[in-house]
Structures are given as C-alpha cells and as structure tokens.
Amino acid sequence: MDLYVMNCELLATCSALGYLEGDTYHKEPDCLESVKDLIRYLRHEDDTRDTRQQLGAGQILQNDLLPIITQHSQDKSLFDACIRLMVNLTQPALLCFGKVPDDPTVRHHFLEVVSYLQAYKEAFANEKVFGVLSETLYTLLQLDWEQRQEEDNLLIERILLLVRNVLHVPADPYEEKNVDDDASVHDKLLWAIHMSGLDDLIKFLASAQSEQQWSMHVLEVISLMFRDQTPELLVSAGQARSAQEKQRDAQELEALRQKEQAEKRSRTLQRGTRHSRFGGSYVVQGLKSIGEKDVIYHRGLHNFKNYTHDEGKAVRRVPKRKLHARDSEGKRRSALNVRLFLREFCMDFLENCYNRLMYLVKEGLIREQAQQHDETYYLWALSFFMAFNRGNGFRADLVSETMSIRAFHFIERNITNYYEMMLNDRKEASSWSRRMHLALKAYQELLLTVNEMDRSRDEDIRQSANVIKSNIFYLMEYREIFLTLLRKFDETKQPRTFLRDLVESTHLFLRMLERFCKGRNNLVVQRKRVKRKKSKGRKNPTAAETTPEELEETWRAVAEELRLSEALTERAVPFDAASETPLEEQRTEAMVRVQDTLLNRRGPEALGLLRAAREVWPEGDVFGSADVEPEEELELLKQILIANLPSECLCGTVVVLEFANPNVVRPYLLLLRSYSQNSPHTNHCITRMLHRLAVDLKMDALLFQLSVFCLFNKILGDPAATAYKELVTFAKFVLNRFFALAAKNNKAFVELLFWKSVGAAREMTEGYSKPGEGCVCVPKWTPEEEDELRTLYEEHRDSEVPDIVETLLPLLSNTTRTRRQVVAQLVAMGLVDSVKELKKQRKGTRIVLWTEEQEEELQMLFEEFRDSDDVLGNILKKVTAKRSRARMVEKLLSMGLVSDRRELHKKRRRNPNAPGKSAAMGMLIKEDLIWARRPHNSWCWSTVDKWSLKLYFVTGMSGPLLWLQNCLNRTADHREEEGLFQPVPIVPLTEENEDAMEKKSFQRLLRKIGVRAPADEQESFWRIPAQMRPSQLRGAAEVLSPSQDALAAGAEESEQPTPGSPIQEQQQGEADSHEQRTQALRALLLARKMKQPSASAEHTGQQIRHWLSEMAPYSLYSDSPLTMDLGANGGADSDREAHSAPAKRKRQRVLIDDDEDD
C-alpha cells in the first residue's frame, strides 16, 4: 500500500508526531495526543485492517515511534503511550484476522500485515531499543510492592507483551535465504536482547518469588527465543565433536558416497557398448496391451525393468481433503555467538528458574487462570529443557518438578483432548494436530528422562525411576496411548514428523518395558473389565509354575537372605489410591507382588511390601496381625510363596501382541516408504517393530501384502542398499518365508492383495478352516421338542409367573437347552413377537412405585422390629416386595418413620455382666439402649417423665425449658402459615441456654421429644425435623409446660404410686425438693471420694445407698428407683477390693444430673 492513499486524518495525525532530522528526533507539542489518536484509530479499524496497513506502509514505527522511545524516554506519559501503540501494531496477524483467511482478497490483506510485521522485527533488532526497554523494566522491578503503582504493573506487562510480539513474527523465507551459521533477523534480535541485558531480567522474573504473576509471559518469551533451536545443537555449541559424533558423520558420508558410486555404475550399465540410432522394438510375450495382442516395447531392454502401464498417463490430481499434511519447517543452525549465549541461558535457567517457573505455570493451567492453548508453551518448555538437561550432563534435581506421575497424567490427558478436538473441529484439525505433536514430544522426553534415570549411578534416582515405571506400566492409559495413536493415525491431518516421533516413542516404551520385565515372572497390571463366558475346565493361571523342589530351594535362599539382611525396602507402595480398581482386587494384586518378589529372591523387598500391605489392609489379618512375631512372619512369607494366586501378568510379548493389527502395521510401512530420508535410528525402530511381529510372534503373514513387497523390492534394488543392511536382511527374510509358504499354499499369491488380521494370517500359514468348523453349532430342534415347547408354553402362558422362560427350562426333556436357545425358538415358532418380551428382569429393577398395601406392610414391620438390634435387616428379610437397602432406607425416611439414616444402623450389644461394672451401670446401659432404639420422630409424649421435667424447673432449668417451648411453638406457627417443612436449627443465644444444650440430661430430653442431633461434623446445632407436623410440635410444647395441670395429667398417666414412690416424694413441695437436691450433692461428693481407699468404706457405702434410695425419684434414666452397688460382687467384696488393689478399682458413677454437668 502506497503512502499517498493514506487517509487524510490519519496522515495529519502522523505528521503531528514530529520529524527526524539526522539522528535526532524532534517531537511536536501535540505528540502525546497524536499517539493517543492513533490508538483510537486502531481501535475502530475495519475487517481488512486498513489503519494497520496504512501505518505499516508509512513506516510510522520505524521512523517515529522507535526514535521517540529511545530519545524521549524521560517523558513517562509519552513513553507509556508509545509502548501501548507498539504493542497494538506488533500484534500477530492471526490474532487480527482470527485465522488464515480463505478468501483471496482478505488473504492478500493478511499477507500485507505479515510483511509489515517482518519489517517491524527487523527495525527492532537494535541494541538501543532493547537497552531503553531493559532500563525501564529494571527501574520498575526495583520498586517494592508497596511503592509500585497500578500503571507500573501495566507498563511491565506491556513491555513483556511487546517483546513477545516481536519475537513471534515469522521469518520471511524469500528474504532470509541464509545458510547455517549465518545470522538471521531472529538471531540479530536475540543478540540485541542479550547485549541489552534483557535476558537477565527475564531470568530474574522467572525466579523471583515476588514476580510470579508474570510467569506465563516469561515462559512465552523464552519459548519464542528458542523457536529455531534444537537442544542437541545448543549442547554441542562451542565444544569439540566427540568420537561418536565423528563416527556417525563418517558413516553418513560413506553411505552417500556408496550411493553415488552405485548410481554411476548403474548408469554405465544401462548404456550400450556402441551407439545406435535405432533403439529397437520388442514384443513382450504374456503381457497384454489394450487389445488382445501383446505389448510392443519401443525402448532398450535395459529400461524394461522400469516399465509400467502408467507411463504417458496424466498425473491424477489429488483432492485437497486427501492431501498429506505438510511437515513444519526444518530447524536451522544459528550463528555461533548466538548459540553460545543461548546455551549459557539454558544452563542458568535450569539451575535457578526451571522448577519454580514450571510449578507456577502448571498451577495456573490447572486452575484455568491462563488463556486458551497456553498449555502448549508448557509442553514445549518441558520437552526442550529436559532434553537439554539430558544432553548436558544429566542432573535429575534440575527437572524434578516435571519428573513425576502427575506430569505423565497431564500430558496424557492433553493428548486425548487434542485428538478428540481434531476429530470434532475439522476446520482447525491441523492446529490441533500440531498441539498433539507437542504433547507427544513432551511424553517422549519424559520417557527418555526416566530411561536416563534408570542408568544413573545414584541408587535413589534408580529407585525413583522404578517407581515411575511401575506406575506407567501398570496403568492402562499410559500403556495403550501409543497403540491408540498408531491405530488412529491419519496422514491427511498429521504430518510425517508426528509419525516419526510416534514410532520412536513406541520403540523406546517397548524397550523399557522389556528391560523392566526381564527377570520378573509376572507384572500385575490394570486391565479393562470385559465380560466373558466362563469356559469349563479352564484353570486360573498360577503365579509360579515351578516344581515343589524349586520352590523349596527358593525359600531357603530367601530365608537366608532375610536373616542376614537388615535393610528393608520401605518405599514399597502396596496400592494405588487413584486407581478405579476396588481395594479388594488391589489386595490380591499386592499379594501377587509379594509372591513375585519372593520368586525373584528379593527377600527384603518382599518383607517391606508385606508390612506396607499389612498397614493398608489390617482387617482379617490377611497379611498377618499387627503384633506378629518374626518367625510367624517368615512362615507367612513361605505360605505366600507356595500359594497358587491368580494374576494377570504382563511382558513385552503380551504388549507387542496388541500391535499385531493391520491398522498398526500400515503407519509403520507408510513411514518406511521414506527410508532414504529417515535417520538410521528411525529405520531401526521400524525394522525392530516389524521384527517383533514377524519373528517373535511368528506372524510374518501380516506383512504378506503386495504394497509391502513393492517397498521391499525398492529397497533391495536401491543402489545404496548397503547403507540399509538391517532393512535388506529383514526384507529377504520375509520374502523367503513367503515363497516357502507359497510352495504349500496355492492361494498365497491371491492373499497378497489383502491386508490380513491375526486370524486370517494364522489361517494362511496353518491352513484354512472348513465352513462351520471351529464354531459351536446350536443343535437343531426336533419336531418332538418343538411340540413339547409349544405345549409347555401354552400351559404356563397365563400362569402370571414372573419369568416364563425360567419356568420352562427345568420342564424340558432336553436339559442342555440354554435360555437363549429357548427364547430364539419361541420367536422362530411365532409364539412370541420379539425377544424383548422375554427379556430377563433384574431383581428390583421393575419395582418402582410403592403401593398402599406395601407401605402399610412396611410400617407394620417397622413397628414390629423398631426395638431390635438390626431394624433394616429384619425388615428386608420379612418384606414381600424385595428391594435394595438404599430404596428401603429412602422410603423409611420419606414416610417419617425415621429422621436419620444412622437410626437404621445395626447396633452392637454391650455385655451388662462385664467385670468391674456395677448393677446401676448395667441399668444405665440398658436404659440408654432403649432410648437409642426409640425412633426420634415417633414423638410419643407419654414417654416423657413429667416428674423429671419438674426437677428441671426446681434445679434452675426453667429458663431453657421455656425457651425450648417457645421454639417449638414458633416453628409450628411458621409451618402453618408458610406451609414449608424444613429442618429448623435450635440456636441458643444466651449463656444459660447454651449451657443447657451442652448437658447430656437436656440432650436426652431433646431426643425424647423428637429433636434431631447434629448429623455430622458439618452441623453444629440441634434441629427440629422437617417431618414433625404443627400439631406434633404443639403437643411437644404442651408436654414441656410447667403448669400444675400438665403435671397432674402426667401423674394420672403414670402407674399407681407406691409408698415412697417418686410421685409421693414429688408432692412434698418446693422445700423437700431443695433439701433432696442438697442431699444429692452430698452423695456426689462422697462418690468422688471413693477413688481413695478408706477405712470407713462400708459406712460410706451404706450412706450412699440410703441417699440414692431417697433420690431415686429424680433419676432421668428410668421410671423405677435406681440402686448402685459399690462393687461387682456386693459391698463386702467391694470393700475387700478397695483395700487389696485400689489402683484397679474402676470409677463409680453416681447417676445425678449435677455430676454430668461437672
């Protein structure tokens, strides 16, 4: 876009900025306002980004904005405005347009904006510009948080965004045609950053605890700085090449030389010995042309081997949706000084910043505090810096933050998400594919680091690697991720480089697994739950198929090792808390692991695992009791060793068996087509996988396919075939196997046209099965059996049995018939219309609604068993309509029979005759059990002791009782007015009420009137249940009334009083009540003194019995007088015990409320 087409207002605004005279920039008085106007214009630009294009064509950034910030940086307002404007101008084109436009006109505008951004990047490659930016950033970072203003934080963020935008600008492939070791624009920009000291500030931001809010910006800048670099090149920068590198380069050069000589020799052989103007014409017998005649070949015979029918035909255009995905641009080698400074940056970053920065970024990603797709920067940093650390003298502590099972899980989850989005969002499939490639590279680097840890000299590091490997080999999602990606590979969406990394990662994983399984008889793994029919006669696999003599020898070695060894493996983890496998199954797996370690003669490790499992599963003493003796522990280990335990074992062959699939083999052969461009390691990975299938699994028939043989023919005919010895050897092996099979199987050549499954490949090599052979054929129904079935069905069709098929099966003369066969025959005979009519009903699934009779039956059963120890269990045994425990509990709650699930729990009986318990204590336990069994929402007001209530009023508890009565009345009024029935908490607001709520006697009263205690630790207050109706609430409040009428009514409802009964004593009035309370307190003091032996113990016991007999009417535990013995066997025995063994005397309890209050 030319300058003369710039908008007049925009041109006037740009002119008001100032002018450049030589190297000095003179700003106009309205410079600040003009910058703000430009920001305003950019805010209102159209979809073609016309304002952005005009400013780029006018070179406003190069000629005005950069000189302003370098020469007038002291003007803070102008500097801030210029930074804002430059952040907007350098914004990536993808963010401006949303995506790469498909429309040619809009795409032209997109490319124009990109070209202006590339010009901006070149202008920024100036040490002065970055010097001003780094000085400003340094000044801002010197301020403490108390001194730093909001505009200071905004300026820091804008500077980081500006640096990120400039680094993000892509290189111009037409302008930058530099060779390796030459400085590109990006290299110049990096060098300017280094010379200005901005890289040190970036490292400070990454490591400072007070600057953690900039962690994501810092990671973005770092990832863009290393965009064109590879860890291997940076590691080797400035160092002499090792002998291994020199040997590898020599091998590559020798392979190229041999290839060139072979091609030259081939061209020499193709030329004739003498020149001939007539090439000759030949008839190719047996090869038909378009007609019935043979093909006539008009060229020399030396070219006939390249003859094909496709010669001369127009190349067929491949549809756009079937084009192969393009690989990303290759990496280039930067200038040496840039690589050296980047190498030092990596070393300092790993030493001081990596673990902290990756932790902060990971937390931000997990808490969704970052922007969309920011996890790609995390994945890149993980793979890049861990690879650099691995090549630069591996140190596990430098990358400890990302070396964990959490990192594996995070990457695996992202790979799965990217794959799903690639399938759903087809328009952005290529973007999702690139993100998935980043995640795969990170996963590969994690495996490489674990492999490096496994070869460390430090025992702790090797042990950590074993723990990680045990997890990734055990969990199914980590094991099958490569298999899934290979099966779902799509060359139209995923590039060849993705397939290369996937093949190399799979090779590494299998090699680690094979090495891990070496020396292990089995490895317990997590498997999918697949329902299979139980086959008769099938035996569970034993963990160790060894003879008793070998087991005895193994045990002797293990026992000797345990006696001599003192160190145990304490790090053994017997179970996986995050696994979906039930703990019962994990207990069996832990037992198998113990047996496996014993079989491998690792006694200390087996003993440590046994003790760890004992702590996890103490119940049942499966792994021994807590106080087991050493000799008993050895005997337990011996029993585990010789036990026949079921297990699912895993080895390399079992895993490779899952790769025996044509959908997995095809991607390998697709990558093998470019064998000449692949690295030797990639070709080795391909050959090793095909070798596992063809040799280890003996499934070479999977490779008997015509396209595979064409590829083998190309490899064998390659002039540089000597450089691919491994491939040539394997191709010859497969071809020899095929021709040996073709001599026996005359259909082998036809089979070349098809990809084969495992079953088809086995049939091709072992022989084809005849129709019907190998399958279980259902015996046919004879006419007599059909008549019998029809007769039985007609007899029982109207019998209303729940399952007619189950009724017919035992009545058939042929008892071998299965349910499926009978149902299929009934449908075939037309007796029923569909299989669905005879579908087997599951227990309880069709019973949904409760009838009125069922509810009445449930209520009767509840009233019958309400005082039993197992209310719910008895109801489930007696109820007619069988339902699950959960449904029964829900119905009991909805009917208001219980207010809490805990009321239906099975209760444990206490032994009232236990030694050391007094008779009064036995009565206390019995009475507590009675109240525990009584449902809280039955609200039987007659059970409330009226005389106990009066005692509350006498002893100063009248206030809490009146407060409780008011709460019940208010709740009743509210429920009548609003019609809402919700649990209402009882909140004590006064100190008196709060003290009363803490007393156990008052809590018993609350339970008796139906108030519910806090259900769990989440609740703090007692609650009035939602099931209580207003009439019930008013009845409870009336019972709590202290009026004489209520007391009289309670007296009439009680039993006829006897002389000395509670009623007669209660009627003596307030004076007697006060005197009796004083006597109760004296009894309490005497009871507390019973802990110490006394010579007058017998006299004291008689006094306490006398006072307790007088205070019995005021007991809240029962309606009958209480008696308390001083010992388990009477007073005399108790006194004797007090003198002989006072320390063993158990504390006696006096059943008085004041004792409980204290």
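**Close-up 1. Helices α31 and α32 cross with a left-handed sense.** In this predicted model, helix α31 covers residues 706–716 and helix α32 covers residues 725–742. The two pack at an angle of about 135°, and their axes lie 10 Å apart. That angle makes α31 oblique to α32. From α31, the contact takes in F709, F712, I715 and L716. On the α32 side, L727, V728, F730, A731, K732, V734, L735 and F738 take part. Sorted by character, the residues of this contact comprise 11 nonpolar, no polar and 1 charged.

**Close-up 2. Helices α12 and α16 pack at an angle of about 115°.** Here we look at residues 215–225, which form α12, together with residues 354–366, which form α16. Their axes are 9 Å apart. At this angle, α12 and α16 are roughly perpendicular to each other. The crossing of this pair is left-handed. To trace the contact, start with S215, M216, V218, L219 and I222 on α12, then turn to L357, L360, V361 and L365 on α16. These contact residues divide into 8 nonpolar and 1 polar, with no charged residue.

**Close-up 3. I405 of helix α18 and its contacts.** Helix α18 spans residues 405–424, and I405 is found in it. Which residues does I405 touch, leaving aside those up to four places away in sequence? They are I468, N471, I472 and Y478. One of these partners, I468, is 63 residues from I405 along the chain, yet the C-alpha atoms of I405 and I468 are separated by 6.5 Å. Is I405 buried or partly exposed? I405 has a relative accessibility of 25%, so it counts as partly exposed.

**Close-up 4. H109 in helix α7.** This view sits within residues 104–124, the stretch that makes up α7. H109 has a relative accessibility of 18% and therefore counts as buried. Setting aside residues up to four places away in sequence, H109 touches T48, Q53 and F97.

**Close-up 5. Q59, a loop residue with a positive phi.** Q59 is placed in the loop between α3 (50–57) and α4 (60–71). Its phi is near 55°, a positive value in a residue other than glycine. Q59 has a relative accessible area of 37% and is therefore partly exposed.

**Close-up 6. H373, in the loop between α16 and α17.** Helix α16, one of the partners in Close-up 2, precedes this loop, and α17 (375–391) lies on its other side. What is the phi of H373? The value is near 70°, which is positive in a residue other than glycine. With a relative accessibility of 22%, H373 counts as partly exposed.

**Overview. The protein chain from which these close-ups are taken has 1158 residues.** The chain holds 52 helices and 6 strands. Of its residues, 45% count as buried. The accessible surface comes to about 65700 Å², and carbon and sulfur atoms account for 50% of that area. Among contacts with a separation of 6 or more, 72% are between residues 24 or more positions apart.

Conventions:
Residues are numbered from 1 along each chain as its sequence is written. This is a predicted model: local features need pLDDT of at least 70, side-chain atom pairs count only at pLDDT 80 or more; totals for chains, interfaces and linings use all residues. Side-chain values use heavy atoms; hydrogens and water are left out. Axes are lines fitted to C-alpha atoms, for helices over the stretch in contact, and angles run from 0 to 180 degrees between N-to-C directions. Helices (H or I, at least four residues) and strands (E, at least two) are DSSP runs, numbered from the N terminus. Angles under 35 degrees count as roughly parallel, over 145 as roughly antiparallel, 65 to 115 as roughly perpendicular and the rest as oblique. A crossing is left-handed if the near helix is turned anticlockwise from the far one by less than a right angle, and right-handed if clockwise. Contact means heavy atoms within 4.5 Å. Ala, Val, Leu, Ile, Met, Phe, Trp, Tyr, Cys and Pro count as nonpolar, Asp, Glu, Lys and Arg as charged, and the others, Gly among them, as polar. Buried means under 20% relative accessible area, exposed over 50%, partly exposed in between (1.4 Å probe, protein chains only). Accessible areas come from the Shrake-Rupley method with a 1.4 Å probe; for residues, only the protein chains shown count as cover.
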